[in-house]
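Please look through the sequence and the model that follow before reading on. The paragraphs after them go from confidence, through the overall fold, to individual side chains.

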Amino acid sequence: FFFSSRRRHTRYIGDWSSDVCSSDLVTDLGFRGKGYGKDITQESIQFLKNNYPGSNISISAQYRLVDFYEDLGFEREGIVYLEDDIDHIKMTLKANK
């Protein structure tokens, strides 16, 4: 995992300087649909909450995965943008959730 505290993402739209970020979660095609991605994402959320209490958690989510992240409590922010020729959107899990 890669965790970064108060990392400024100059490639993305908006100011992420007060958030902690989780980046580049990938599940091998052969393991998709088995809940591993959700388990790993929940573990990373817990890690960030424990190590950076009171901080929002922001991600650059592939737009096709918005429902997945909303089910985990993330909220959409801003507009859809291209990253590596794939639609993405900033999503944030507020510190009080």
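What is the mean pLDDT of the protein, and what percentage of its residues reach 70 or more? This is a predicted model, and its mean pLDDT is 78, with 73% of the residues reaching 70 or more. The confidence is spread unevenly over the elements, since strand E1 (residues 2-5) has the lowest mean pLDDT among them, at 40, whereas helix H2 (residues 66-71) has the highest, at 95. Over residues 1-16 the pLDDT is below 50, although in the model this stretch has 42 contacts beyond near neighbours in sequence. Where pLDDT is low, the predicted coordinates should not be read in detail.

With that caution in place, the overall arrangement can be described. The secondary structure of the protein comes to two helices and five strands, and along the sequence these follow the pattern β-β-α-β-α-β-β. Of the contacts with a separation of 6 or more, 51% are accounted for by residues 24 or more positions apart, while buried residues make up 33% of the 97 residues in the protein.

Helix H1 (residues 36-51) can be checked against its expected length: at 1.5 Å a residue its 16 residues should span 22 Å, and the C-alpha atoms at its ends are indeed 22 Å apart, in agreement with that expectation. Within H1, the residues Gly37, Thr41, Ser44, Ile45 and Leu48 are buried. They cover an arc of only 100 degrees around the axis, so they lie on the same side of H1. The face turned away from this buried side carries Glu43 and Asn50, which are exposed.

Two of the buried residues of H1, Ile45 and Leu48, also belong to the largest nonpolar core. This core has 12 residues, the others being Ile57, Ile59, Ala61, Val66, Tyr69, Leu72, Phe74, Ile89, Met91 and Leu93. At least two residues of the core are supplied by each of H1, strand E3 (56-62), H2 and E5. In soluble globular proteins, nonpolar side chains tend to be buried together. The surroundings of one core member, Ile89, can be followed in detail: leaving aside residues up to four places away in sequence, Ile89 touches Ile59, Ser60, Ala61, Tyr63, Val66, Arg76, Glu77, Gly78, Ile79, Val80 and Tyr81.

Two of the residues touched by Ile89, Arg76 and Glu77, lead on to the charged side chains. Which residues are linked in a network of salt bridges? The structure holds three salt bridges, and the network consists of Glu77, Lys90 and Lys94. The side chains of Lys90 and Glu77 meet at 3.6 Å, N to O, and this pair links distant parts of the chain, with Lys90 in strand E5 (residues 86-93) and Glu77 in strand E4 (residues 75-83), 13 residues apart. Glu77 also meets Lys94 in a salt bridge, at 3.3 Å, N to O. Because Glu77 lies in E4 and Lys94 in the segment after E5, this pair ties together parts that are 17 residues apart in sequence.

The accessibility of these residues completes the picture. Lys90 counts as buried because its relative accessibility is 7%, whereas Glu77, at 25%, counts as partly exposed, and so does Lys94, at 28%. The side chains of Glu70 and Arg76 likewise meet in a salt bridge, at 2.8 Å, N to O. Glu70 is partly exposed at 32% relative accessibility, and Arg76 is partly exposed with a relative accessible area of 41%.

Notes. Residues are numbered from 1 along each chain as its sequence is written. This is a predicted model: local features need pLDDT of at least 70, side-chain atom pairs count only at pLDDT 80 or more; totals for chains, interfaces and linings use all residues. Side-chain values use heavy atoms; hydrogens and water are left out. Helices (H or I, at least four residues) and strands (E, at least two) are DSSP runs, numbered from the N terminus. The expected span of a helix is 1.5 Å times one less than its number of residues. Buried means under 20% relative accessible area, exposed over 50%, partly exposed in between (1.4 Å probe, protein chains only). The arc is that of the directions from the helix axis to the C-beta atoms. pLDDT is the predictor's confidence in each residue, from 0 to 100. Contact means heavy atoms within 4.5 Å. A salt bridge is a side-chain nitrogen of Lys or Arg within 4 Å of a carboxyl oxygen of Asp or Glu. A nonpolar core is a set of buried Ala, Val, Leu, Ile, Met, Phe, Trp, Tyr and Cys residues joined through side-chain atoms within 4.5 Å.
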